[in-house]
Each structure stands twice: as structure tokens, then as C-alpha cells.
Amino acid sequence: MDPIAYVNGAFVPLREAKISILDRGFLFADGIYEVSAVLDGKLVDNESHLARLERSVGEIRLPLPETIARIKEIQHELISRNQLKDGLVYIQVTRGADVGRDFAFPKGVKPTLMMFTSVKDIVNAASAKSGIGVITVPDIRWTRRDIKSVALLAQVLAKQAAAEAGAGEAWMIEDGKVTEGGSSSAFILTRDDVLVTRENSSAILPGCTRKAVVKLAEERQLRIEERAFTIEEALKAKEAFITSASSFVQPVVKIDGKPVADGKPGPLAQRLREIYIEFARATGT
Ligand code: PLP
């Protein structure tokens, strides 16, 4: 079956979906994106993702061309048209295509809204069972990482370096501390059983999965500290893991080739993964 995408009001075969070469998303990375997981045909934690979409577009003064209610309808229509059971729905909104390439915001130009789905069996990913290795790279991104901007070149380079090293993710380092993964939030479990993840600020993207996992952990009386940590601390930790919409919770078993604890997926990471999947199934929309 040919996948169906949505572009500016129309549902079209993905292969035929087109935007202008003058689209500001293409020319300037002047746009915002969101990714929600789909499990058993239902969107996971979607309100959280759409709230972040609204916040991100607000931060760059980009008006959404459709209401959030309509965007939800389009998400569901794409799931249905693509008969998607397990995977992802991608949303991108840009400041549209002007007649030329002026940096300042164009007047009277309608933002571009496009969406597509992809198939991914997140629950049964082999890497969730084996755990992943991460490498460390300097965090060379801009300073408004709380905005989910489509300007992802630093992450492309970081994740390519990880792929070349046979690792599943890159942890980005700034001032000696981990900011986050290339496309995930970073957690450790300290020797005295404190779950540590960096506090939200403009240094990181406020992960929706991070937020849900922190809440689920709090409800289970786990101790949580929101603060930055170093790689030295992570290597001394009992466990490490990452969270994201496209991976849920994944154990980290190696950092720059060195094992975390015994180099096996930690029990808490595995448990939190199960708890998150239960939450995702119970609250999917
Ligand atoms: N941090 C960055 C830089 C990301 O790109 C992502 C997801 O793409 C995340 C964290 C995880 O966010 P979420 O859990 O909302 O998918």
C-alpha cells in the first residue's frame, strides 16, 4: 500500500507530496515539528505533544494554519488511511513559501502544514532488550533547545557519529554535563537509588516521554532529582536509560565503549519501560 501523507489541506500519496523549494522550512529551517507514537492504532500521550507544538510555534511567532482539534482529526485520518497499528505520526509546520528569500517574516503567506506516518514496532524493538550503547559528543546546538525546531543539523551529525561507532544514540555534552540525547532525554539511576534527569530549561527539549516517566516514577515513590549529571557519574551509576516518543524507555548499557554497571539493561529501566507501555496502552487516544 502506498503511504498517504497530508500536505496543506490535501491527503496525497507520500511519493507525490510536494512543497515549494521556497518553503522557509527548506531554506531557513524556519519551522517546528512534533512526533507522536502510535500503539495499537492509538496516539500515545498526544495531548502532551500537541501542547508542546503550540508552545514551540508560539516561541517563534508562527501561527498554526489549522486548529489543534483539526490537527488531531488529521492525525487520526492518517492513521486510518494508512491502516497504521504501530508507528509514528510526524507533524511539521513552517512559515510557508514566499516569493523569494527574505529573512524577515513574509506578510500574507500561509504556513505550510504537512504530516505523515511511519511504521515502527517500538514495543518489540530488539534494542530495548539488549540495551544500547551511547557515544558522547560536544553539544554544538543553538541556545533555544526548548523549541522543537526542524534545525537538526547538530543532531544529524551527532547521530551519524553514533551510527558509525555502532552506538544507538549520542549524548551531547555542555560544560562537562550531559544535556540530552540527539533525539531523546537522558536518565541515570545513582548508586543510592535516585533517578536523575536534567531539569527543563532552554538547554534541553522538554521531553514528553521524560515528563510522563518522571510522573509515573513519582507515583511509585521513586526518588527523583532533576539536575545535570556528568559522564563520570553515569559510568558509576547503577543504570542509565533514554526516553523518547520513538523509543519509549531504552536501557543504556555502554557509554563511549565503557559498560554502565555490569553492561546489562538495568531492572528499573526495564520496569519503567513496562510501566510506560501500560500507561501508553491505557491512555491512548
Ligand atoms: N530531546 C531531543 C533533542 C529530542 O529530539 C527528543 C525527541 O525527538 C527528545 C528529547 C525526546 O522527546 P519526546 O519524549 O517528547 O519524544
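Begin by selecting the ligand together with the residues around it: in this predicted model, the shell around the ligand draws at least three residues from each of domain 1 (4–119) and domain 2 (126–283). If you show that whole shell, you will find that 19 residues surround the ligand, and that the closest are Arg52, Glu180, Cys208, Thr209 and Ala245. Colouring the shell by class gives 4 nonpolar, 11 polar and 4 charged residues.

Next, select Arg52 and look at its side chain, where an N or O atom is 2.8 Å from an oxygen atom of the ligand. Then move to Cys208, where a polar backbone atom is 2.8 Å from an oxygen atom of the ligand, and to Ala245, where a polar backbone atom is likewise 2.8 Å from a ligand oxygen atom. Switch now to a surface view of the protein, which covers 94% of the 380 Å² of accessible area that the ligand has on its own. To see which elements give two or more residues to the shell, select α2 (46–59), β9 (177–181), α6 (208–219) and β13 (239–244).

Leave the ligand and turn to an open sheet of 6 strands, which you can follow in the order β2-β1-β6-β5-β3-β4, with antiparallel pairing. At the edges stand β2 (10–13) and β4 (42–43), and each has a single partner strand, so one side of each is left without a neighbour in the sheet. Finally, select strand β1 (residues 4–7) and strand β6 (residues 112–119), which pair in the antiparallel sense over 2 bridges; here Val7 has Met114 of β6 as its bridge partner.

Notes. Residues are numbered from 1 along each chain as its sequence is written. This is a predicted model: local features need pLDDT of at least 70, side-chain atom pairs count only at pLDDT 80 or more; totals for chains, interfaces and linings use all residues. Side-chain values use heavy atoms; hydrogens and water are left out. A residue is near a molecule or strand if one of its heavy atoms lies within 4 Å of it. A polar contact is a pair of N or O atoms within 3.5 Å; within protein, one must be able to donate a hydrogen and the other to accept it, and residues adjacent in sequence count only if both atoms are side-chain atoms. Accessible areas come from the Shrake-Rupley method with a 1.4 Å probe; for residues, only the protein chains shown count as cover. Helices (H or I, at least four residues) and strands (E, at least two) are DSSP runs, numbered from the N terminus. Ala, Val, Leu, Ile, Met, Phe, Trp, Tyr, Cys and Pro count as nonpolar, Asp, Glu, Lys and Arg as charged, and the others, Gly among them, as polar. Domain bounds come from an automatic or database domain assignment. Two strands pair if DSSP finds at least two bridges between them.
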